Amino acid sequence: MEILRTENLTKTYVTGQEKVEALKDVNISIKKGEFVAVVGPSGSGKSTLLHLLGGLDKPTEGKVFVDGTDIYSMKEEKLAIFRRRQVGFIFQFYNLVPVLTAEENITLPLMLDGKKVDKAYLKEVVGLLGLNDRTNHFPSQLSGGQQQRTSIGRALIYKPSVVLADEPTGNLDSQSSKEVIDLLRLSVARYQQTLIMITHELSIAEQADRVIRIDDGRVVKDEVIR
Ligand code: ADP
Ligand code: ADP
């Protein structure tokens, strides 16, 4: 079953006189539960693609459908809610709120919506991520791997259908990196989520179901590997 589709997705950045065609006519369809690795050289448009898939930016042309909804046809307010509930973002530098504890960071999306925390589910996520004895720590008191696991918790708290990760291990040593990837795969498999991950690491891309290679704003290879 298809969960995500792009139609002639195009993004041109204009800065002063300069125009950068970051993404050109990208047409992809991604299935529910699929783990997709997005690879390609630096500056080829990978982050731009991920941001557009998650409603973080606006395409210059083309469309993004998530679960059948044309996300950029939504009003900004509805799009903001979509971003919070339907997609989970994981960034290279975690983007945690420094003045909130690990647990508060994880439950932040619910707080922003004035929703009550399902304690049992929170406990399950915290346990799954191995953060049981770290919930009251602030990000500065956590190791890089623990910070990234906290940000995974935040991305999963709404059980989004799509999880988007932009080089989630780019700042971690190989041991923490392996832990983070294993946990992320375990979590998304458990909740049948679709995972789209930008990575430079071959060993991570090899674990994906499918590898999409971007070069100069275009999809140059799209290969199902399992
Ligand atoms: P990647 O993630 O593959 O490194 P990006 O999507 O970040 O590539 O960038 C693609 C191209 O778009 C690059 O040439 C980059 O410099 C440019 N770009 C990205 N973001 C912006 C922006 N906000 N304004 C102007 N140019 C940008
Ligand atoms: P890693 O090798 O995974 O980066 P560290 O060597 O940074 O881990 O930390 C080892 C342990 O000490 C981790 O469990 C981490 O949570 C804890 N820790 C690191 N920095 C602090 C801190 N400033 N305050 C409290 N605990 C910390």
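So, N95: this residue sits in the loop between β7 and α3. Keep in mind that this is a predicted model. What's the phi of N95 doing? It's near 55 degrees, a positive value, and N95 isn't a glycine. As for exposure, N95 has a relative accessible area of 44%, so it goes down as partly exposed, the class between 20% and 50%.

There's another residue like that on my list, D67. Where is D67? In the loop that runs between β5, residues 61-66, and β6, residues 69-70. Again we have a non-glycine with a positive phi, about 50 degrees for D67. And D67 counts as partly exposed because its relative accessibility is 44%.

Okay, on to the sheet. Strands in a sheet pair through backbone hydrogen bonds, and they can do that parallel or antiparallel. Here we've got an open sheet of 6 strands, with mixed pairing. Reading across, the order goes β7-β8-β9-β4-β10-β11. Which strands are at the edges? That would be β7 and β11, the latter covering 218-224, and each of them pairs on one side only. If you ignore direction, neighbouring strands of this sheet are turned against each other by 15 degrees on average.

Let me zoom in on one pair. β8, residues 162-166, and β9, residues 194-198, run in the parallel sense and share 5 bridges. For a concrete example, take V162: its bridge partner in β9 is T194.

Now the helices on that sheet. Helix α1, residues 46-53, packs on it and touches β4 (35-39), β7, β8, β9 and β10 (210-215). Compare directions and you get about 155 degrees between α1 and β8. Then there's α5, which lies across β7 and β8 and runs at about 165 degrees to β7.

Last thing, and probably the one you'll want to look at on screen: the largest pocket. The idea is simple enough: roll a probe the size of a water molecule over the atoms, and you see where empty space is left. How much space is in the largest pocket? About 320 Å³. The lining comes to 15 residues, and the ones nearest the centre are R83, R84, F89, P109 and R154. By class, that lining breaks down into 10 nonpolar, 2 polar and 3 charged residues.

Which elements supply at least two residues each? α2 (76-85), β7 (87-90), α3 (102-112) and α5 (144-156). So β7 turns up again: an edge strand of the sheet, and a contributor to the pocket lining. That's what I've got.

Technical notes:
Residues are numbered from 1 along each chain as its sequence is written. Chains are lettered from A and ligands numbered from 1 in the order in which they are written. This is a predicted model: local features need pLDDT of at least 70, side-chain atom pairs count only at pLDDT 80 or more; totals for chains, interfaces and linings use all residues. Side-chain values use heavy atoms; hydrogens and water are left out. On a 1 Å grid over the protein atoms alone, a cavity is a set of points where a 1.4 Å probe fits but cannot get out, and a pocket is an open set with protein on both sides within 12 Å along at least five of seven lines; lining residues have an atom within 4 Å of a point. Grid points are joined across faces, edges and corners, and a volume is the space filled by probe spheres set on the points. Helices (H or I, at least four residues) and strands (E, at least two) are DSSP runs, numbered from the N terminus. Ala, Val, Leu, Ile, Met, Phe, Trp, Tyr, Cys and Pro count as nonpolar, Asp, Glu, Lys and Arg as charged, and the others, Gly among them, as polar. Two strands pair if DSSP finds at least two bridges between them. Axes are lines fitted to C-alpha atoms, for helices over the stretch in contact, and angles run from 0 to 180 degrees between N-to-C directions. Contact means heavy atoms within 4.5 Å. Buried means under 20% relative accessible area, exposed over 50%, partly exposed in between (1.4 Å probe, protein chains only).
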